[in-house]
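Open the model in your viewer and keep the selection tool at hand. The tour moves from stop to stop, saying what to select and what is there.

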There are 2 protein chains.
Amino acid sequence: MEAVQRIEDVRSRVKAARTAGKKIGFVPTMGALHIGHISLIDTAVADCDFVVVSIFVNPTQFGPGEDFQKYPSPLEADLQICEEHKVDLVFNPTPEIMYAKDSLTWVDVEKLTGPLCGRSRPGHFKAVTTVCAKLFNIVLPDVACFGQKDAQQALVIKKMVADLNMPLEIIVCPTVREENGLAVSSRNRYLSAQQRNDAAIIYKSLCKAADLINAGNTDPRAVIAEIRRTMNHVPELQVDYVSIVDAQTLQDLDNITGRVLVAVAAGLGPARLIDNIVVDVDR
Amino acid sequence: MEAVQRIEDVRSRVKAARTAGKKIGFVPTMGALHIGHISLIDTAVADCDFVVVSIFVNPTQFGPGEDFQKYPSPLEADLQICEEHKVDLVFNPTPEIMYAKDSLTWVDVEKLTGPLCGRSRPGHFKAVTTVCAKLFNIVLPDVACFGQKDAQQALVIKKMVADLNMPLEIIVCPTVREENGLAVSSRNRYLSAQQRNDAAIIYKSLCKAADLINAGNTDPRAVIAEIRRTMNHVPELQVDYVSIVDAQTLQDLDNITGRVLVAVAAGLGPARLIDNIVVDVDR
């Protein structure tokens, strides 16, 4: 495995791999790698012949007052994980390498970026799509892997790739969970042991919602109320949103029907946690 | 030469050429090819081993009341020109092939798209950058050629390519002119013989401006006034803007210094004509 910082080094290594007929896989990350990232890496390694992982805490996607300054960056541990999981190339650029001082270009996906986290984090998705477009253009992968935990992000990236005819396939991998159901996230590092226990209520409330829907409940307000009631068992949890939306368009539903996304965001101590579950309603 | 409409056919032809070690050149056009386009094609052919020309009248870059409906589409003549000038592949998609009905993604270059034509044609450059990003992702060229006649467009595209790390080089080719100085444009077809003669005043006024600047005039207002005075000799000319701006940032100048762009847009009968000249002021 090799770790490089310069864009031209990524290009030359990938070009050599492609010339050798290899299929290129890519996992973009902000580092602080955990078993969720590892599942993405393992998927890319299983599907491709040459796998690139980027580690870049992208400053533009953090809003004012968000956790950019304290976002964990355990580079040595991250590199070891990449090595152990058969990554071929790590791209670990600085912000100065990624962004020219006079950078003026944004890639924006309308509508899909409006609801859910888009409402709480204005500008966030525009920054994510822009940095992903840049990374895709640098790495030129055949396949890139994203996690279903960030459901809206995965959908937005897939839409960008389709709309702009980007020559790659997006694979969305299932959410990886801790034993108590908590979705694995780099931000779980901010939690105390007690908070990690308490945070399990998020997935429990989603599972309860899925049960209600599968039992025939079609009223989103009733199901959302039940999720909120369940999460209230942990008073420390600051609910940002609880939404039941169409899983493709992310638009609110009057009736729960088709493929729906049940999505939650909540603050717990210093961490903002998100989770979701997809329910297919065939009636 | 081959002409294809489907994206997957472009991809397969270009992939074969690349696998054969060929350098890929690309000239995006809206058809109605003229000697300006031909100079772009000849440049691409001289520099590359496999040249793709796209012919696509992009609906999204026309504003309400603009000439989308009547934009000329002489496809047979265009294909013959491409064939004669050693183009390898023509990509001639329909709007339905280029845009999914639920397309939501835009590529936008801030600031550079604000002045000049950006002021008169809101949304125009956002549509141009978006369709070029799509075409670049479909063709994946090593080099793409644009004309200096559309100076702002060339600058915006170069900025997009740099900011998004797109893996290609933009070559900007000099403006090609008719014998009387009129910048060659597909929209010149809208002009009568008399109007074509009259339109020569645009370039004459730009040359006069260059003379004034080279003679030491540093006051943009004075030079702009002289351009307007000259253009007034053709009363039918409806001046949209006359601007002297920094040739890199397109920002207005208090004093003419450095590398400046003198740019003009004006309506003449049914045609909107643009032209420009770059003057290097070394003082």
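Select A:Val107. Of the residues of chain A, A:Val107 comes closest to the rotation axis, with its C-alpha at 2.2 Å. This is a predicted model, in which local features need pLDDT of at least 70 and side-chain atom pairs count only at pLDDT 80 or more, while totals for chains, interfaces and linings use all residues. Residues are numbered from 1 along each chain as its sequence is written, and chains are lettered from A and ligands numbered from 1 in the order in which they are written.

Now show both chains. A rotation of 180 degrees, with 0.0 Å of shift along its axis, lays chain A on chain B at an RMSD of 0.0 Å. The fit is by least squares on the C-alpha atoms of residues with pLDDT of at least 70 in both copies. The two copies are therefore related as by a two-fold rotation axis. Both use the same surface: 100% of the contact residues of chain A recur in chain B.

Next, select the interface. How many residues of chain A are in contact with chain B? The count is 25, and they meet 25 residues of chain B. Contact here means C-beta atoms, placed from the backbone, within 7 Å. Strand 5 (105-109), helix 6 (124-139) and helix 7 of chain A each give two or more residues to this side. Strand 5 of chain A gives the largest share, five residues. Helices (H or I, at least four residues) and strands (E, at least two) are DSSP runs, numbered from the N terminus.

Zoom in on strand 5 of both chains. The two strands pair in the antiparallel sense over five bridges; pairing takes at least two DSSP bridges. Pick A:Thr105: opposite stands B:Val109.

Now colour chain A by domain. An automatic or database assignment sets the bounds: domain 1 is 2-173 and domain 2 is 186-281. Their centres, taken over C-alpha atoms, are 26 Å apart. In chain A, 13 residues of domain 1 are in contact with 13 of domain 2. On the domain 1 side, helix 5 (117-120) and helix 7 (151-163) each supply at least two residues. Helix 7 has the largest share there, three residues.

Last stop: A:Ile244, in strand 8 (residues 238-246) of chain A. Is A:Ile244 buried or exposed? A:Ile244 counts as buried, because 21 C-beta neighbours lie inside 10 Å. The cut-offs, using C-beta atoms placed from the backbone, are 20 or more others within 10 Å for buried, 12 or fewer for exposed, and partly exposed in between. Beyond four places in sequence, its contacts include A:Pro220, A:Leu253 and A:Val262.

Conventions. Contact = placed C-beta atoms within 7 Å.
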